[in-house]
Amino acid sequence: GRVAYRMMGYGDVPVLDTLRVLNQEGYQGYLTLEWVKRWCPDLQEPGIVFSHFVNYMNQLKKQL
């Protein structure tokens, strides 16, 4: 029952399913990640997280 922030792909959000719906609906806009360590100092460093986000999303795009 408690929120725990995770890097993309390590949590409960169905990212691939969401991308499939967006793709089916013809969405061609941007996908972004908000990661503000200032609000939650326990988060991973942004340099690690943003690099992971790009690689993870590229892998998911190949599955569409």
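These notebook entries record what I looked up in the structure.

**Entry 1: the chain as a whole**

I began with the origin of the model, which is predicted. I then counted the secondary structure elements and found 2 helices and 0 strands in the protein chain. Helix H1 covers residues 15-24, and helix H2 covers 46-63. For the overall extent, I noted that the C-alpha atoms fill a box of roughly 35 × 30 × 20 Å along the principal axes.

**Entry 2: surface and burial**

I looked up how much of the chain is covered. Of its 64 residues, 17% count as buried. The protein chain exposes about 5600 Å², and carbon and sulfur atoms supply 51% of that area. I also checked the contacts between residues at least 6 apart in sequence: 61% of these join residues at least 24 apart.

**Entry 3: salt bridges**

How many salt bridges does a search of the whole structure find? I recorded 2. As general background, I noted that side chains of opposite charge can pair when their charged atoms come close.

The side chains of arginine 20 and aspartate 17 form one of the bridges, with an N to O distance of 3.6 Å. I asked where these two residues sit with respect to each other in helix H1. They are 3 residues apart in that helix, so about one helical turn separates them. I then looked up their accessibility. Arginine 20 has 36% relative accessibility and counts as partly exposed; aspartate 17, at 44%, also counts as partly exposed.

Lysine 37 and glutamate 45 also meet through their side chains in a salt bridge, at 3.5 Å from N to O. Lysine 37 counts as partly exposed at 23% relative accessibility. Glutamate 45 is partly exposed, with a relative accessible area of 44%.

**Entry 4: tyrosine 5**

I turned next to tyrosine 5, which I located in the segment before H1. Is this residue buried or exposed? Tyrosine 5 has 55% relative accessibility and therefore counts as exposed, the cut-off being over 50%. Setting aside neighbours within four places in sequence, I found tyrosine 5 in contact with Cys40 and Leu43. I also took a distance to arginine 38: this residue and tyrosine 5 are 33 residues apart in sequence, and their C-alpha atoms are 14 Å apart in space.

**Entry 5: leucine 43**

The contact with Leu43 led me to look up leucine 43 itself. I found leucine 43 in the loop between H1 and H2. Its relative accessible area is 10%, and because buried means under 20%, leucine 43 is buried. Which residues does leucine 43 touch, not counting those up to four places away in sequence? I listed Tyr5, Trp35, Val36 and Lys37. Lys37 is the residue whose side chain meets that of glutamate 45 in a salt bridge. I added one distance towards helix H2: leucine 43 and methionine 57 are 14 residues apart along the chain, with 20 Å between their C-alpha atoms.

**Entry 6: the largest pocket**

Lastly I looked up the largest pocket, for which I noted a volume of about 470 Å³. Its lining is made up of 20 residues. Which of them lie nearest the centre? I recorded Ala4, Tyr5, Arg6, Val13 and Trp35. The lining divides into 14 nonpolar, 2 polar and 4 charged residues. Two residues named near the centre appear in earlier entries: Tyr5, noted above as exposed, and Trp35, noted above as touched by leucine 43.

Terms used. Residues numbered from 1 in each chain as written. Predicted model: local features only at pLDDT ≥ 70, side-chain atom pairs only at ≥ 80, totals over all residues. Heavy atoms only, no water. 1 Å grid on protein atoms, 1.4 Å probe; cavity = no way out; pocket = protein on both sides within 12 Å on 5 of 7 lines; lining within 4 Å. Points joined across faces, edges and corners; volume = space filled by probe spheres on them. Nonpolar A, V, L, I, M, F, W, Y, C, P; charged D, E, K, R; others polar. Helix = DSSP H or I, 4+ residues; strand = E, 2+ residues; numbered from the N terminus. Buried < 20%, exposed > 50% of the residue type's maximum accessible area, 1.4 Å probe, protein only. Contact = heavy atoms within 4.5 Å. Areas by Shrake-Rupley, 256 points an atom, 1.4 Å probe, with all protein chains shown as cover. Salt bridge = Lys/Arg side-chain N within 4 Å of Asp/Glu carboxyl O.
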